[in-house]
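Q: Please take a close look at the side-chain packing in this model. Walk me through the core first, then the ring pairs and the charged pairs.

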Amino acid sequence: MEHHHQPPHPPSPSAMDPNSKPPTPSSTPTARLSSATSSWPPSPSGAPPRATASSASSAPSTPASHTVYSDRFIPSRAGSNLALFDLPAPSPAGAGASAGSAASPYCTLLRAALFGPDTPDRLASSAAACSSSSPAGYPASGNIFRFKAEVPRNAKRALFAGGTDDEDLRFPGIFTAKGAGPRKIPRSPYKVLDAPALQDDFYLNLVDWSSHNVLAVGLGNCVYLWNACSSKVTKLCDLGAEDTVCSVGWAQRGTHLAVGTNQGKVQIWDATRCKRMRTMESHRMRVGALAWNSSLLSSGSRDKNILHHDLRAPDDYISKLTGHKSEVCGLKWSYDNRQLASGGNDNRLFVWNQHSTQPVLKYTEHTAAVKAIAWSPHLNGLLASGGGTADRCIRFWNTTTNTHLSSMDTGSQVCNLVWSKNVNELVSTHGYSQNQIIVWRYPTMSKLATLTGHTFRVLYLAISPDGQTIVTGAGDETLRFWNVFPSPKSQSADSLSSIGGTSFVRSYIR
């Protein structure tokens, strides 16, 4: 047998170089591949890894290379809670812990909030869709790499918006904001002012609150101003023994006050200087209702007429509105100053525009005098009105579409209405027979609070300029201040209209 001897390989240039270093095992691609291949996966028995063919065979030497680091981040699956998203566990050893965490109440609620409830139809469709597209060796998952199962909108709101009624039913106590629930309204007034000679007359309007936080009150033949910031009382005017105050009304700017008298006069006063600016004697009988529209003042009288007074014109009035068959006792301009609502003792509610002398809308559903009138500051054309003892109803109207929206029987005479400027709620004051104050939520007309304390009919009502506080007046000769509405969103929750806190105070207005 012949033996063939192969000649030895010629040495490489690096080997012939005396200054060259022998290559390290990790510096060659084959060695790095061999090292990586032999280190994963680990042997189940803990034995050392077997040498691969690439590591056993000798490879030609290559020049030394530097290790290259990249910015790619590969997360560790072993430290991830994959069971939360229905993903397979990385190893059987961690399966028990992952399953236990996935079955916890928190994980169950979180999964339901993120991916919706696990209904049978949804589970069946997800399993069928994923069985064909799942990678080999992994169980079917209904959520990984699938985007057809849309997350319910209410679940998104529950996570990020504090929750709603439906969310509270699905996730009780989980997504409800801290402190949520019905707003607590104090059942007692925080301040009471004694108002001697405050008349017990349903057809008068003797209390109004200015934009400068000054309260005007008609007491007998005098008008008093009470500064809500300083509690200072100022006597504005005295009509004398032959006349009495029947109505007061602040202009929008809060510097001028209109005063209607029993003799049919309308006086304009500069409240900052306590000076009378003008007197208009156009009505033949008492003036019980006043309403401002910029420089235009509207007055309603027992003579059944409504007069428009332009303070810039020399004449006492510029137009006369006729239509009521009895005393005009309620008068309010809408917030956009385009419509005027009037109520009368003839059980009628009329709506006028800026230029009409006859009512453009007539509502006859009330069966008693309509004194309580209020325009919504939230919805254009929404008007609320309340009827007297024989009616007892609060009715809502859409003057844009000329429709009667709804009616609520309050059980007692409706004396006043006012909307909140901050939330969609309103307050009504009542006379016979319960003399109560009710806070309503619109449009459900659910009662938020019923306030009592007056011993006579609550005939007078005004709201503070910040929209949080109301003041009520009655024939028991008291003015009571109540915190009933929340602050505007732009203000802090603890602002209280600069009236001097919430401690109970009782003092005199004169």
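A: A residue counts as buried when its relative accessible area is under 20%, and as exposed when that area is over 50%; anything in between is partly exposed. Phe481, at 0% relative accessibility, is therefore buried. Keep in mind that the model is predicted.

Start with the core. The largest nonpolar core holds 40 residues. Leu215, Leu257 and Leu479 have the most contacts inside it. Eight strands each supply at least two of its residues: S2 (207-209), S3 (214-219), S4 (222-227), S5 (233-238), S6 (245-250), S7 (256-261), S26 (458-463) and S28 (478-483). A second core is separate from this one and has 15 residues. Ile437, Ile470, Trp482 and Phe485 are among them. The general trend fits this kind of arrangement: in soluble globular proteins, nonpolar side chains tend to be buried together.

Now take one of the central leucines. Setting aside neighbours within four places in sequence, Leu215 touches Val207, Asp208 and Trp209. Its contacts also include Tyr224, Leu225, Trp226 and Trp250. From further along the chain come Val471, Leu479 and Phe481.

Several of those names return among the rings. The whole structure has nine aromatic pairs. One of them joins Tyr190 and Phe481; the ring centres are 6.4 Å apart and the planes meet at 50 degrees, so the pair is tilted. Tyr190 belongs to the loop between helix H8 (165-170) and strand S1 (191-194), while Phe481 belongs to strand S28, so the pair ties together parts 291 residues apart in sequence. Tyr190 is buried, at 5% relative accessible area. Phe481 is buried too, at 0%.

Another pair has a separate geometry. Phe202 and Tyr203 have ring centres 5.3 Å apart and planes at 90 degrees, so this pair is edge-to-face. Phe202 is buried, with a relative accessible area of 5%. Tyr203 is partly exposed, at 22%. The face of Phe202 also has a charged neighbour: Lys371 lies over it, 5.5 Å from the ring centre. A further case of charge over ring is Lys362, whose charged end sits 5.9 Å from the centre of the Phe350 ring.

Back to Phe481 for a moment. Together with Tyr190, Trp209 and Trp226, Phe481 forms one aromatic cluster. Trp209, Trp226 and Phe481 are also contacts of Leu215.

Next, the charged pairs. The structure holds nine salt bridges. One is between Arg457 and Asp200, at 3.4 Å from N to O. The pair spans 257 residues: Arg457 is in the loop between strand S25 (446-451) and S26, and Asp200 is in the loop between S1 and S2. Arg457 is buried at 11% relative accessibility. Asp200 is partly exposed at 35%.

Asp201 has a partner as well. Arg286 forms a salt bridge with Asp201, and the closest N and O atoms are 3.2 Å apart. Here the link covers 85 residues, from the S1-S2 loop with Asp201 to the loop between strand S9 (275-280) and strand S10 (287-293) with Arg286. Both Asp201 and Arg286 are buried.

Arg286 bridges to Glu327 too, with the closest N and O atoms 3.0 Å apart. Glu327 lies in the loop between strand S13 (319-321) and strand S14 (328-333), 41 residues from Arg286. Glu327 is buried, at 5% relative accessibility. Arg286 is buried, at 8%. Shared partners join Asp201, Arg286, Arg302 and Glu327 into one salt-bridge network.

Last, a polar site that reaches back to Arg457. His430 is found in strand S23 (residues 425-430). His430 is buried, with a relative accessible area of 0%. The side chain of His430 makes a polar contact of 2.8 Å with that of Ser428. A polar contact of 3.3 Å links the side chains of His430 and Ser412. Leaving aside neighbours within four places in sequence, His430 touches Thr410, Ser412, Gln413, Val414 and Cys415. Also in contact are Asn435, Gln436 and Ile438, along with Arg457 and Val458. Arg457 is thus a contact of His430, as well as the salt-bridge partner of Asp200.

Notes: Residues numbered from 1 in each chain as written. Predicted model: local features only at pLDDT ≥ 70, side-chain atom pairs only at ≥ 80, totals over all residues. Heavy atoms only, no water. Core = buried A, V, L, I, M, F, W, Y, C linked by side-chain atoms within 4.5 Å. Buried < 20%, exposed > 50% of the residue type's maximum accessible area, 1.4 Å probe, protein only. Helix = DSSP H or I, 4+ residues; strand = E, 2+ residues; numbered from the N terminus. Contact = heavy atoms within 4.5 Å. Phe/Tyr/Trp six-rings, centres within 6.5 Å; stacked < 30°, edge-to-face > 60°. Lys NZ or Arg CZ within 6 Å of the ring centre and 35° of its normal. Polar contact = N/O pair within 3.5 Å; in protein donor to acceptor, adjacent residues only side chain to side chain. Salt bridge = Lys/Arg side-chain N within 4 Å of Asp/Glu carboxyl O.
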